[in-house]
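Open your viewer and keep the selection box handy. We will go from stop to stop, and each one tells you what to pick and what you will find there.

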Amino acid sequence: MTISIIGHGYVGLVTAAIFADLGNTVWCVGRTKKKIERLKQGKMPFFEPGLSELVKRNLEAGRLKFTLNYAQAVPPSEIVFICVGTPSKNNGEADLSQVFAAAALIAKNLIDYTVVVTKSTVPVSTNEKVKTLIDKTKKKKAKFDVVSCPEFLREGTAISDTLHPDRIIIGADSKKAQNLLLDLHGPIKGERVLLSIREAEMVKYVSNALLAAKISFANMIAFLSEKLGVDVERILDGVGLDKRLGRVFLYPGVGYGGSCFPKDVKALINTGKSFGERMGLLQEVESINQEAVSKFVQKIVESLNGRLRNKTIAVLGLSFKPDTDDLRDAPSLKILSALKKKEQKLKIRIYDPQAMEKAKIILKDVVYCKNPYETVRGCHVLLIVTEWNEFRQLDLEKIKKLMQTPIILDGRNIYDPEKVKKLGFQYLGVGRR
Ligand code: NAD
């Protein structure tokens with residue numbers, strides 16, 4: 001099949017590379033000349049494990065093609081996927097301008113029957129608006145259907161998530177379009193869920209809101225555990241063994257971030273409110289998530305006896321989660337900005353395995369280090385902000401010798417408190433004794 005993918009971000013580029021690898025001809029359409037030229041040379045716009053090799057292989061095979069030109073990509077395509085960004089507006093509503101701009105450009109270039117699929121996360125009724133827009137813009141003879149096929153990949157494991165999804169959601173009101181999508185997904189295993197367009201749009205938001213709620217629930221219990229002198233991780237281990245509940249995503253820590261959970265929770269609250277629903281539970285999910293950051297910042301201040309001036313902190317981890325360089329809505333940025341607001345003369349040393357290039361554009365006035373050991377040199381407190389695997393087995397005795405005062409604030413609970421304390425550290429996790 002020949003298909004087009006509009007957008008080459010985390011979703012677009014992974015989807016394009018996988019469908020090309022499955023033998024399709026894939027046009028990946030961008031809007032920035034420089035980025036498209038780099039992609040044509042196999043240079044990635046972001047870090048995702050395994051993606052560079054996959055893109056290069058399919059570029060060389062001639063199955064994956066990059067272009068700025070919709071007129072080159074859309075006419076030969078049976079299916080066109082919209083994979084552009086849907087960030088939050090200031091009021092929490094999803095900003096759909098990229099989706100509508102892409103839909104208009106697709107419409108202008110439609111010739112034969114084409115299925116236009118929205119993979120971007122969009123609020124209920126967006127696909128109806130996309131349909132109206134395309135109808136108004138396209139040439140008379142062109143025929144099309146609109147389908148909602150939300151994406152569930154996770155950054156860091158995007159390739160295996162796309163190849164082995166738990167489910168493929170197809171929201172369509174046309175059998176012909178539905179069948180074309182089923183054909184394209186033929187080689188990919190995973191439950192097929194066939195829904196109406198509105199239902200499919202909702203599945204994505206409900207999934208992300210529930211995952212975010214699990215994190216905030218774990219954090220709420222963590223806050224209480226600290227007051228009670230019990231260890232939240234041990235409690236959640238006990239809870240998680242109940243098969244009705246499970247342990248997955250009950251992650252206490254510095255809260256959720258990234259380009260999806262914060263904006264999708266906001267957008268669902270917004271949808272609810274515009275239909276007269278209070279969405280109180282989700283509002284609380286958001287405030288607990290903010291509290292997770294402010295409580296962590298408070299711990300940092302207290303661990304330095306309230307005196308931040310001329311102190312040095314080491315930060316391990318900047319990306320919003322491991323195995324990505326994505327800094328969008330990352331807790332690290334919120335923590336550092338809150339600390340800087342409290343004290344300009346706080347010195348910050350930083351290390352992240354992948355996100356430092358992107359961080360350099362946002363975070364000035366910090367010292368970027370080559371590895372964790374260089375980072376902690378002369379520091380008064382060490383913060384673990386992202387749970388990269390390489391931080392789990394550090395030589396903590398060496399770390400202790402390099403630090404000025406041996407204090408670890410573990411924002412992801414990656415260490416065993418007893419072991420770390422035995423080495424002579426003051427250790428504070430989230431919700432731990
Ligand atoms: P992104 O910001 O990384 O990428 C968006 C891409 O769209 C960019 O490359 C941008 O240049 C391109 N673009 C915008 N307008 C365009 C146009 N008119 N023509 C061509 N290209 C255009 O975003 P992302 O993280 O890939 O997310 C895309 C969508 O998928 C969002 O709605 C997001 O919520 C959803 N989603 C993201 C993830 C994730 O983990 N990142 C997972 C599931 C769903």
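**Stop 1: a loop residue.** Start by selecting Asn 413, which sits in the loop between β13 and α17 (417-422). Keep in mind as you look around that this is a predicted model. Check the backbone of Asn 413: phi is positive, about 50 degrees, although the residue is not a glycine. Is Asn 413 buried or exposed? With a relative accessible area of 10%, Asn 413 is buried, since the cut-off for buried is under 20%.

**Stop 2: another positive phi.** Now pick Asp 323, in the loop between β9 and α13. Here phi is near 65 degrees, again a positive value in a residue other than glycine. Asp 323 has 35% relative accessibility, so it counts as partly exposed.

**Stop 3: the open sheet.** Next, colour the strands β11-β10-β9-β12-β13-β14, given here in their order across an open sheet of 6 strands with parallel pairing. Which strands stand at the edges? They are β11 (367-368) and β14 (426-428); each has a single partner strand, so one side of each lacks a neighbour in the sheet. For a look further in, select β9 (residues 312-316) and β12 (residues 381-384), which run parallel and are joined by 4 bridges. Zoom in on Ala 314 and you will find Leu 382 of β12 opposite. Then add α12, which packs on this sheet and touches β12, β13 (407-410) and β14. The direction of α12 makes about 175 degrees with that of β13.

**Stop 4: two helices.** Keep α12 (residues 280-303) on screen and show α13 (residues 331-342) with it: their axes come within 10 Å and cross at roughly 50 degrees. That angle makes α12 oblique to α13. The crossing of α12 past α13 is right-handed. To see the contact, show side chains:

- from α12, Val 293, Phe 296, Val 297, Ile 300 and Val 301;
- from α13, the residues they meet, namely Lys 334, Ile 335, Ala 338, Leu 339 and Lys 342.

**Stop 5: a covered strand.** Move to β6 (residues 144-148), where 5 of the 5 residues are buried. In a regular strand, side chains alternate between the two faces of the sheet. On one side of β6 you will find Phe 144, Val 146 and Ser 148, and on the other Asp 145 and Val 147, all of them buried. Now bring in the neighbours. β5 (residues 114-118) pairs with β6 in the parallel sense over 5 bridges, and Thr 118 stands opposite Ser 148. To get from β5 to β6, the chain passes through helix α6 (residues 126-137) in a right-handed β-α-β crossover. β7 (residues 167-172) pairs with β6 in the antiparallel sense over 2 bridges; there, Val 147 has Ala 172 as its bridge partner.

**Stop 6: the loop after β5.** Select Thr 121, in the loop between β5 and α6. Thr 121 is buried at 9% relative accessible area. What does Thr 121 touch? Leaving aside residues up to four places away in sequence, its contacts are Thr 86, Lys 204, Tyr 205, Lys 263 and Asp 264.

**Stop 7: inside a helix.** Finish at Ala 102 in helix α5 (residues 97-108). Ala 102 is buried, with a relative accessible area of 2%. Apart from residues up to four places away in sequence, Ala 102 touches Ile 6, Tyr 70, Ile 82 and Val 84. For a last distance check, pick the C-alpha atoms of Ala 102 and Asp 135: they are 14 Å apart, with the two positions 33 residues apart along the chain.

Definitions and conventions. Residues numbered from 1 in each chain as written. Predicted model: local features only at pLDDT ≥ 70, side-chain atom pairs only at ≥ 80, totals over all residues. Heavy atoms only, no water. Buried < 20%, exposed > 50% of the residue type's maximum accessible area, 1.4 Å probe, protein only. Pairing = 2+ DSSP bridges. Right-handed = clockwise from strand over helix to strand, strands pointing away. Axes fitted to C-alpha atoms, helices over the stretch in contact; angles between N-to-C directions. Parallel < 35°, antiparallel > 145°, perpendicular 65-115°, else oblique. Left-handed = near helix turned anticlockwise from the far one by under 90°. Contact = heavy atoms within 4.5 Å.
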